[in-house]
Amino acid sequence: MKILIVGGSGFLGREVAERARAAGHTVTATFATRAGDLTGVRWLPLDLRRADEIDATLDETGPDVVVNAAYRKGDWATTADGAARLARTAGARACRLVHVSSDAVFSGSAVPYDESATPDPVTPYGAAKAAAETAIRLLAPDAVIARTSLIVGDGDSDHEEFVHDLAEGRREGVLFTDVIRCPVHVADLAAALLELAATDHTGVVHLGGPDAVSRHELGVLIAARDGLDAARLPTGRHADLNTPGALDVRLDSGRTQRTLRTRLRGAREFLRRGE
């Protein structure tokens, strides 16, 4: 396939690009400010806030599949409007679209959330992701909307870096004991997205891991894997803060998992030493 990965220089986008290239696909990846460092991938700048750039990029690359892994927290024009522009352009060119959404579209008031759950966001980022989903369903009805959770890697995700900084005293902050999510490994997520890209699956899918853990438990698991002192990880409760945010958001990915060959591992499995 010819695959265009929007947001290819990000953590998830880079993993998707690397796996697509290794599988023999022709891969083009976009970046907002700086091209990625993968060889064998064509890199193009793209600003999702500009419809003319989206049109030009898809005309130039002629992809069979577009994977949208781009977002900017606090930037509605990119996360919501940009996703809608991309869906309209992909739909007009009969390109398959796989859009990465988030568990941030849910409030946490009705766990667990399966693929049929209606978004009820409580944060601006969640609202932008929910708006993008609505636009995509209307503009590209054959698209896949893949909701996921916290994305963890082998030491290079933001979550892992934050835990290291806390444990080693380089940053202030806390790990919440009352914020529950279903983390997924970036390699599993990327493989699942590419598997979906090669099928005729449409609609909403959930790609979260099977283990529901708190932010603090996730930090303890990371610390144990990396030989850090978990006792140095400060704890707190988000409920004690005067800021919006969902607490317990558990994605039920069972229905999606039954349709995939790719197995989504839980955090307690992929963060064991040696995994």
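Me: A residue counts as buried when its relative accessible area is under 20%, as exposed when it is over 50%, and as partly exposed in between. Which of these words applies to Arg 50?

Reply: Before reading any value, keep in mind that this is a predicted model. Arg 50 has a relative accessible area of 40%, so it is partly exposed. Its salt-bridge partner is Asp 52, with N and O 2.9 Å apart, and Asp 52 is likewise described as partly exposed, at 43%.

Me: How should I read a salt bridge, and how many does a search of the whole structure find?

Reply: The general idea is that a side-chain nitrogen of Lys or Arg lies within 4 Å of a carboxyl oxygen of Asp or Glu. Searching the whole structure in this way gives 25 salt bridges. One of them joins Arg 19 to Glu 15, whose closest N and O atoms are 3.0 Å apart.

Me: Where do Arg 19 and Glu 15 lie, and is Glu 15 buried or exposed?

Reply: Both residues belong to helix 1, which covers residues 11-22, and they are 4 residues apart, or about one turn of the helix. Glu 15 has a relative accessible area of 18%, and because this is under 20% it counts as buried. Arg 19, at 35%, is partly exposed.

Me: Which parts of the chain does the pair of Arg 255 and Glu 115 link?

Reply: Start with the distance: the closest N and O atoms of Arg 255 and Glu 115 are 3.7 Å apart, and the two form a salt bridge. This pair links distant parts of the chain, since Arg 255 is in helix 8 (residues 254-257) while Glu 115 is in the loop between strand 5 (96-102) and helix 4 (124-139), with their positions 140 residues apart in sequence. Glu 115 is buried, at 6% relative accessible area, whereas Arg 255 is partly exposed, at 46%.

Me: Which residues are linked in a network of salt bridges?

Reply: The network is made up of Asp 165, Glu 168, Arg 170 and Arg 171. For the charges of the whole protein, the count is 33 positive and 39 negative side chains, and the centres of these two sets lie 1 Å apart.

Me: What can be read from a residue without a charged side chain, and what is Gly 13 in contact with?

Reply: Here one looks at cover and at neighbours. Gly 13 is found in helix 1 and, at 1% relative accessibility, counts as buried. Apart from neighbours within four places in sequence, Gly 13 is in contact with Ile 5, Gly 7, Gly 8 and Ala 69. Pro 121, by contrast, is 108 residues from Gly 13 in sequence and 24 Å from it in space, C-alpha to C-alpha.

Me: How many helices and strands does the protein have, and what does its radius of gyration say about the fold?

Reply: The secondary structure consists of 9 helices and 13 strands. The radius of gyration is 18 Å, close to the 19 Å given by the globule rule for 275 residues, and the protein is therefore as compact as a globular protein of that length. Along the principal axes, its C-alpha atoms fill a box of roughly 55 × 40 × 35 Å. Of the 275 residues, 52% count as buried. Among contacts between residues at least 6 apart in sequence, 74% join residues at least 24 apart. The protein exposes about 12,200 Å², of which carbon and sulfur atoms supply 48%.

Methods: Residues numbered from 1 in each chain as written. Predicted model: local features only at pLDDT ≥ 70, side-chain atom pairs only at ≥ 80, totals over all residues. Heavy atoms only, no water. Helix = DSSP H or I, 4+ residues; strand = E, 2+ residues; numbered from the N terminus. Buried < 20%, exposed > 50% of the residue type's maximum accessible area, 1.4 Å probe, protein only. Rg over C-alpha atoms; globule rule 2.2 N^0.38 Å. Contact = heavy atoms within 4.5 Å. Areas by Shrake-Rupley, 256 points an atom, 1.4 Å probe, with all protein chains shown as cover. Lys, Arg positive; Asp, Glu negative; His and termini not counted. Charge placed at Lys NZ, Arg CZ, Asp CG, Glu CD.
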